[in-house]
Amino acid sequence: MYSLCSSEISVTEDIVDRALEIRENSNIRTKDSIHLACAEAAGVDVLLTTDKKFMNNANRIPAKVKVMNPTEWLLEVIS
């Protein structure tokens, strides 16, 4: 999968600040908040995860990224 990546995101102070904001305003765990903040910084449309709790919590907050299960995303893309 890594070979399919087109860029790599380094964790900056702005990303850490956004992750802290996400963490303070949600039930999202610290590592997941960093993951979401990195996805926002990368400008991705969708963050794929199989972590249902993370997905549900992430979709309850104002985020610039939609968080989806890979299977649901694939079904949406091919239909």
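## The nonpolar patch and helix α4

Let's start on the outside of this predicted model. Helix α4, covering residues 70–78, is the biggest contributor to a nonpolar surface patch, putting in 5 residues. The patch takes up about 560 Å², and its members are L48, W73, L74, L75, V77 and I78.

W73 is one of the patch residues, and its place is in helix α4. How does W73 count at 30% relative accessibility? W73 is partly exposed, because its value falls between the under 20% that marks a buried residue and the over 50% that marks an exposed one.

## The largest nonpolar core

Now for the inside. In soluble globular proteins, nonpolar side chains tend to get buried together. Here the largest nonpolar core has 15 residues, and the ones touching the most other members are I22, I28, L36, L47, F54, A58 and V67. Three helices, α1 (13–24), α2 (30–42) and α3 (52–58), supply at least two residues each. Which helix gives the most to this core? That would be α2, with 4 residues.

A58 is one of the well-connected members. Skipping anything within four places in sequence, A58 has contacts with I28, L36, A63 and V67.

## V67 in strand β2

V67 also belongs to that well-connected group, but its home is a strand: β2, residues 66–68. With just 1% relative accessibility, V67 counts as buried, because the cut-off is under 20%.

Which residues does V67 contact, once neighbours within four places in sequence are set aside? The list runs to L36, L47, T49, F54, M55, A58 and N59. Among these, L36, L47, F54 and A58 are also named with V67 as core residues that touch the most other members. On the backbone side, the C-alpha atoms of V67 and V46 are 5.6 Å apart, although 21 residues separate the two along the chain.

## S33, a buried serine

Back to helix α2, where S33 sits. Is S33 buried or exposed? S33 counts as buried, because its relative accessibility is 1% and anything under 20% qualifies.

So what does the S33 side chain reach? It gets to the backbone oxygen of A19, at 3.3 Å. A19 turns up again among the contacts of S33 outside its four-place sequence neighbourhood, together with I22, R23 and I28. Of those partners, I22 and I28 are also in the group of core residues touching the most other members.

Terms used
Residues are numbered from 1 along each chain as its sequence is written. This is a predicted model: local features need pLDDT of at least 70, side-chain atom pairs count only at pLDDT 80 or more; totals for chains, interfaces and linings use all residues. Side-chain values use heavy atoms; hydrogens and water are left out. Patches are made of residues with over 30% relative accessible area and no salt bridge: like charges are joined within 9 Å, nonpolar side chains (Val, Leu, Ile, Met, Phe, Trp, Tyr) within 5 Å. Accessible areas come from the Shrake-Rupley method with a 1.4 Å probe; for residues, only the protein chains shown count as cover. A salt bridge is a side-chain nitrogen of Lys or Arg within 4 Å of a carboxyl oxygen of Asp or Glu. Buried means under 20% relative accessible area, exposed over 50%, partly exposed in between (1.4 Å probe, protein chains only). A nonpolar core is a set of buried Ala, Val, Leu, Ile, Met, Phe, Trp, Tyr and Cys residues joined through side-chain atoms within 4.5 Å. Contact means heavy atoms within 4.5 Å. A polar contact is a pair of N or O atoms within 3.5 Å; within protein, one must be able to donate a hydrogen and the other to accept it, and residues adjacent in sequence count only if both atoms are side-chain atoms.
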